Amino acid sequence: MSACVGCGWCCLNDQCVESRILHGYKRRCPEIFWDAGQKLYRCGLSGSQRMRLLLAMGEGCCAPLNSWREDVRDRDAQYPPDDGPY
């Protein structure tokens, strides 16, 4: 597996199960945020050791061929936060 580069591809396009349990179905995960200082996306659930284990954080990228890996940037304008369901 390739290391996660914080491109946001997975969380901007779909929610993990834990996010759905916490927030219901959303267009993008409400827990993801752009970290301007580090220039990558971060997960708000990563502060919880339990969530880190449940989400296998630190285990690598499950979509290493996605094109965003080579173009890590803020995509919030294209994928705006939204409180509504799908």
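**Exercise 1. Which residues does the R75–D71 contact join, and how buried or exposed is each one?**

Step 1. Find the contact. The side chains of R75 and D71 form a salt bridge, 3.5 Å from N to O. The term requires a side-chain nitrogen of Lys or Arg within 4 Å of a carboxyl oxygen of Asp or Glu.

Step 2. Check exposure. R75 is buried at 4% relative accessibility. D71 is partly exposed at 35%. Buried means under 20% relative accessible area, exposed over 50%, and partly exposed in between (1.4 Å probe, protein chains only).

Step 3. Look for a network. Salt bridges link D71, R73 and R75.

*Basis.* The model is predicted: local features need pLDDT of at least 70, side-chain atom pairs count only at pLDDT 80 or more, and totals for chains, interfaces and linings use all residues. Residues are numbered from 1 along each chain as its sequence is written, and side-chain values use heavy atoms, without hydrogens and water.

**Exercise 2. Locate the partners of the R28–D76 salt bridge.**

Step 1. Read the distance. The closest N and O atoms of R28 and D76 are 3.0 Å apart.

Step 2. Place both residues. R28 sits in the loop between α2 (17-23) and β1 (32-35), and D76 in the segment after α3 (49-54), so the pair ties together parts 48 residues apart in sequence. Helices (H or I, at least four residues) and strands (E, at least two) are DSSP runs, numbered from the N terminus.

Step 3. Check exposure. R28 is buried at 5%. D76 is partly exposed at 22%.

**Exercise 3. How many salt bridges does a search of the whole structure find?**

Solution. The search finds four. One pairs R20 with D14 at 2.6 Å, N to O.
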